[in-house]
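Let's walk through this fold together, starting in the middle of the sheet and working outwards. Have your viewer ready.

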Amino acid sequence: MGPKRSYIIEHFEDGMHEWCVLEYNHMLSNVGGDHLWFSGLSDTCLQTMPEELKAAHCHQEDVMHLPGVDPSKVCLLDPAGEKELSPEDGDQFEYFLFGGILGDHPPRDRTKELRKLGFAGRRLGPVQMTTDTAVNVTRRVVEDRE
């Protein structure tokens, strides 16, 4: 098993919709509050966010301005990434970034907003998946080495 890593969800929605709460709770149960970050949260999101989700790191700042997070240690999970995520990426990166938007159908490529920030990108394969599934698959690859 590799070292424990952290997972950042850049929240691109205006509110805290029911589907977000369901996915975010699933992430929290899989990786734990110490290893889950929600960034880019609006005032409305913070006010309406269920208390159990506040066990995670919750920030209005975007991923580039999270306290204690070195952007060079962040890997963007990107459906357009040229390289597949590998267990070795768990040695290279401490944080894995998701744009709380995976799962749009048809895909709208809102990940481009994060891509243009210059993070190293990796893909999980050709199938688009929900954000909570993408977090769990990433955890299994970089921590469990599966």
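**From the central strand outwards**

Strand S5 is covered on both faces: Tyr-95 and Leu-97 on one side, and Phe-96 and Phe-98 on the other, are all buried. Here buried means under 20% relative accessible area, with exposed over 50% and partly exposed in between (1.4 Å probe, protein chains only). In a regular strand the side chains alternate between the two faces of the sheet. Keep in mind that this is a predicted model, where local features need pLDDT of at least 70, side-chain atom pairs count only at pLDDT 80 or more, and totals for chains, interfaces and linings use all residues. Residues are numbered from 1 along each chain as its sequence is written, and side-chain values use heavy atoms, leaving out hydrogens and water.

Now for the neighbours of S5. Four bridges join S5 to S1, and the two run parallel; one bridge pairs Ile-9 with Phe-98 in S5. S4 also runs parallel to S5, joined by three bridges, and Val-74 stands opposite Tyr-95. Strands like these are DSSP runs (E, at least two residues), as are helices (H or I, at least four), numbered from the N terminus.

Stepping back, the open sheet has six strands in the order S3-S2-S1-S5-S4-S6, with parallel pairing; two strands pair if DSSP finds at least two bridges between them. Strand S3 (57-58) and strand S6 (120-122) stand at the edges with a single partner strand each, so one side of each lacks a neighbour in the sheet. Helix H1 (residues 18-31) packs on the sheet, touching S1 (6-10) and S2, and its direction makes about 150° with that of S2. For that angle, axes are lines fitted to C-alpha atoms, for helices over the stretch in contact, and angles run from 0 to 180 degrees between N-to-C directions.

What fills the interior? The largest nonpolar core has 27 residues, of which Leu-36 and Phe-96 touch the most other members. Such a core is a set of buried Ala, Val, Leu, Ile, Met, Phe, Trp, Tyr and Cys residues joined through side-chain atoms within 4.5 Å. S1, H1, S2, S4, S5 and helix H5 (131-142) each supply at least two residues, and H1 gives the most, with six. A second, separate core of eleven residues includes Trp-37, Val-69, Val-74 and Leu-114.

Definitions and conventions: Contact = heavy atoms within 4.5 Å.
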